[in-house]
Amino acid sequence: MSNAVAKPKDWVPKGDLQKEISAEKMLLELPRELLFITGSEAAREAIKRANIDCAISYPITPQSETMQQAGYLYDEGYIKEYYRAEEEIGVMSATAGASRAGVRALTATSGPGLMRGMEAISSWPGARVTPVLLDMCRVINTPLAIQPDNIEISFLLNTGMIMLHAENQQDFFDYTLAACEVTEHVDVTLPAMVSVDGFFVTHARGPVSIPSDEYKLNRRDGWRSAVPAMDNENPPARISRDAPIQKSNFISYHMHASWQQEVFAALERSGKYFEKLLKGRIEIINPEAEDFIICSGSAVSQAREAVRQEGENGRVVGLVKVKTLRPFPTTSIVNALKNAKRILIPEFNQAGWMHKEVCSVLYGKCKANIVDGPRVFGGMTMPTEMVIEWLAKARKDFP
Amino acid sequence: MSLDTIKPSPGFLEHLPIEYQDLVNHGQYGKKMKASDMGKFKELIEEHPMCAGCAMTLFIRLVFIGLPNPEHSVIVGTAGCGRLAISQGNVPFIYGNYGDTNSTASGLKRGLELRFPNQKKDVIAMCGDGGLVDIGFQGLMHSWFRNEKFATIMLDNEVYGNTGGQESGMTLKGKVLKMAPRGKVDEKMDVMGLAKVAGVDYIARIAPTNPGRVLRTVRRAILVAREIGSSYIQAYTSCNIEYSIPTPDVMKDAFDIEKERYGFEEIVSDRAKKFLDEVEKKKK
Amino acid sequence: MAVKRYNVRMAGIGGQGVVTASHIISNGVVISGGYSSLVPFFGSEKRNAPVESYVRISNEEIYEIGEIIFPNVLMIFHPSVITLGKSYTMPFYTGLKQGGIILINSKTPLKFSRDEQRELDEKEAKLWYLPATEIANEVAKTDLATNMAMCGAISAIFGLPDLESLAASVKDRFVGKGIVTSGGTAALDSAIEKKFAKKQKLLEANHNTLKATYQYALDQGWANEGAGSKKESAAV
Ligand SMILES: Cc1ncc(C[n+]2csc(CCOP(=O)(O)OP(=O)(O)O)c2C)c(N)n1
Ligand code: SF4
């Protein structure tokens, strides 16, 4: 703790000295430098380059370190507006409020905070606001715990928002920047959530290569949007998102239905941008394999090591990493797995939401035996040994 | 926005709906209307689906006329009867989730200040008593403690009207309503007192008995919010349905309640007073 | 080149700088050109509560994340992790790979229960005792350097990170702004700093401690064992 000091009169916000560029340039063209940093620090580096107008924070483990850092970035002048709000419903409402004003808004939370803010968050896509929400997954069930477990992701799968699942610190940096731009394309105009498994990524250090902080993304242009900003700069027109459509008649049903259809169509349209910025919405290793692992987030790291160790023992195992949970890369997944014989779906949650997603996509399109696991939950990690054991069992069960 | 923004290109006006033409030719933009002008100009809000004779509607209509700068105003509302009318006004209206008005308005106002450094935008959070002090309590209080620069208007009908007549925190002790089968146990919440404790710069309690006074109060609250800090109006807007007030007696009820316990009161901070004095001096 | 994997689980007591030690080792490996990742135990940080931290070290890119469930090296920063059960992992050697190393900060060998001794024997665990606190007190004149003492020995055992990189990592930690510390760790830092008044002195004391235990480990003949050149068992 120390006492606040006012900025000197000639203070120049550091953000003013950064050059604006596109996400394509930032992520695909600029030279990069390799750092060894935590996931929270990777988030800070992304936020520093994301040209955020307004960041609104509320503490929760394991997220706090990220929005704390955002506070320091605000102090240095990389972010224009920042405050600690009352709690998460307040945070999510205010973040949407700022986004409605036409500025780029960002916040971050974890498990219970996400659940608390859920009502507000699930209203974002229909409101066609474009905030970016960083989500550091944490147990939400009782008994209370702060450990990583990504069940919370499943609660948002059907909201219409863009959902990315980062595997590691590097992804967290790249995906955050990609999200900040893609959300604002006129044919998208949707919010995005970038999830990572808490602690495993946020508090652990790993290699992250990043471009120079002399650059930041192009600013949000509040005039370019699928729906007008709430700035009273347009002639009065009723926008259906803000009219109470609740009369029981077919006009209102139809209005609501078509509004939703458009939200989900916009979500699909975002896919092409991520395809480019993330170099594909899935990553495939050993495409010719008969045994495949498909997963997202931290589970990919464990699967990668399992694939490597199996390789050291002369067994070819394939891996599909899913980067965008929404829009779900259905076609690419079907193509990657259509000749697989056995499929394993490791997950860091009890419900197995990825298993359900994959099963529904592959139904009728693939003859593989799909194994319902392995899974860990409640905070523990998944040892590579466990993935290898399950692979062995699958080979035995489905010769 | 300004009158220029809503003015269509030459030749198009006659093809627009008559309501729109009236808005352009006889609207409120750029002018300051008096209560006695009612009926002589195109109001920002006219049609609405609220109950016939509802006092809340009258009050909302007056708020729109009182807006000091409707062409640069945004209203934030929430679930509740009032939003049925507010959403029909010719001022952008944000309809968020129940109870989120003051959190949403905080983000919105700060965002608008970033985007329009040279044009003040008035943000007004206006909603029912339940939305504001029951479900919206912490958003409300914290926006005040943060001294957010927007006006908050409570449409206090002392009941959850929209969901069919349950007690709210603003219901008087002893009133039997839905979910209060033996009468409300606790006192009506002292939100004026809370506003004072939180340091709100302009606080007013009012009943819609004197239209001129409503317009003046709304203007003062919005001007203070624009230049000084948070402001709050608590308006008695009876629910004739749930309180079984015969429609012809709605105004009589308002006068009675005003006399009994809802008299006009202003609590103005020193800095807000100084500011308002200057504004009013300049006008003379 | 075959992939080498050293998976280290560190256990100690809040206030001993266990997490700091893991940062220093891990960062040192990276400075020396190797690969490393680390995961601190995710609990609330309280003085005197058990603490765990996990470091992976390799000559190739590391994929795995999360705490290490099957380590091949355990570093026990305080005897009470074992004697008083101040540990999140009970018994403390749970998951240790066959032939794994247990480096314990204790002047004298500890006594184990019959069951524990049997299981340790079955695992062919190598129990190595390092008087880390004593060396810290002697060289740096403070037991706050115990974590440095543990780091020095590890450097000798693995050969990774080398002593120079380790020293560079310590410097990074206290001079650079590279590492984000949480509230508790930051408070600990200032306690240490007060003790030394000057950062330079602090660095010197730390370096000397590193060197002392590095030499101690060499003298004990631990180096080759750990590097896995004789025994494959240390690498997975
Ligand atoms: C999260 C949530 N809880 C409850 C509701 C249901 N609800 C809608 S309006 C309302 C009551 C409105 O009362 P008040 O805010 O006093 O406004 P009034 O209708 O009386 O003007 C309630 C409980 C809701 N829409 N959302
Ligand atoms: S229910 Fe009451 S408050 Fe609501 S519109 Fe009807 S009369 Fe007005």
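Helices (H or I, at least four residues) and strands (E, at least two) are DSSP runs here, numbered from the N terminus. I am working from a predicted model, and I keep that in mind in every entry below.

**Entry: a cis proline in chain A**

I looked up Pro374(A) and placed it in the loop between strand E16 (369–371) and helix H13 (384–397) of chain A. The peptide bond that leads into this proline from Gly373(A) is cis, and its omega is near 0°.

**Entry: a cis proline in chain C**

I then turned to chain C, where Leu160(C) and Pro161(C) are joined by a cis peptide bond with an omega of about -5°. Pro161(C) sits in the loop between helix H5 (146–158) and helix H6 (163–174) of that chain.

**Entry: chain A as a whole**

I noted 13 helices and 16 strands in chain A. Its radius of gyration is 21 Å, close to the 21 Å that the globule rule gives for 399 residues, so chain A is as compact as a globular protein of that length. Along the principal axes, I found that the C-alpha atoms of chain A fill a box of roughly 70 × 60 × 45 Å.

For burial, I recorded that 63% of the 399 residues in chain A are buried. Turning to contacts within chain A, I took those with a sequence separation of 6 or more, and residues 24 or more positions apart account for 81% of them. The surface that chain A exposes is about 15,200 Å², with 54% of it supplied by carbon and sulfur atoms. I also looked up the charges of chain A: there are 45 positive and 49 negative ones, and their mean positions are 3 Å apart.

**Entry: the two domains of chain A**

I followed the division of chain A into domain 1 (14–217) and domain 2 (282–397). The centres of these domains, taken over C-alpha atoms, are separated by 27 Å. Across the boundary I noted that 22 residues of domain 1 are in contact with 22 residues of domain 2.

**Entry: Gln302(A)**

I picked Gln302(A), which belongs to helix H10 (residues 298–312) of chain A. Its relative accessible area is 1%, and the cut-off for buried is under 20%, so Gln302(A) is buried. Leaving out residues up to four places away in sequence, I found that Gln302(A) touches Phe348(A), Thr381(A), Met382(A) and Thr384(A) in its own chain, together with Tyr63(C), Glu64(C) and Ile65(C) of chain C. I also checked Gln302(A) against Leu156(A): the two are 146 residues apart in sequence, and their C-alpha atoms are 24 Å apart in space.

**Entry: Pro329(A)**

I found Pro329(A) in the loop between strand E14 (324–326) and helix H11 (330–337) of chain A. This proline is buried, with a relative accessible area of 1%. Setting aside neighbours within four places in sequence, I recorded contacts of Pro329(A) with Arg281(A), Ile282(A), Val322(A) and Thr324(A). Pro329(A) and Ala192(A) are 137 residues apart in sequence, with 16 Å between their C-alpha atoms.

**Entry: positive phi outside glycine**

I looked up Thr189(A), which is not a glycine and yet has a positive phi of about 45°. Thr189(A) lies in the loop between helix H8 (169–182) and strand E8 (192–197) of chain A, and at 1% relative accessibility this threonine counts as buried.

In chain B, I noted Asn147(B), again not a glycine, with a positive phi of about 60°. The loop that holds Asn147(B) runs between helix H7 (137–145) and strand E4 (151–156) of chain B. Asn147(B) has 26% relative accessibility and counts as partly exposed.

**Entry: chain C and the pairs of chains**

I counted chain C in the same way and noted 9 helices and 6 strands. Of its 236 residues, 54% count as buried. Among contacts in chain C between residues at least 6 apart in sequence, I found that 74% join residues at least 24 apart. The accessible surface of chain C comes to about 10,200 Å², of which 51% belongs to carbon and sulfur atoms.

Last, I checked which chains touch: there are 2 such pairs, and the most contacts are between chains A and B. No contact joins chain B and chain C, and their closest C-alpha atoms lie 26 Å apart.

How values were computed:
Residues numbered from 1 in each chain as written. Chains lettered and ligands numbered in written order. Predicted model: local features only at pLDDT ≥ 70, side-chain atom pairs only at ≥ 80, totals over all residues. Heavy atoms only, no water. Rg over C-alpha atoms; globule rule 2.2 N^0.38 Å. Buried < 20%, exposed > 50% of the residue type's maximum accessible area, 1.4 Å probe, protein only. Contact = heavy atoms within 4.5 Å. Areas by Shrake-Rupley, 256 points an atom, 1.4 Å probe, with all protein chains shown as cover. Lys, Arg positive; Asp, Glu negative; His and termini not counted. Charge placed at Lys NZ, Arg CZ, Asp CG, Glu CD. Domains from an automatic or database assignment.
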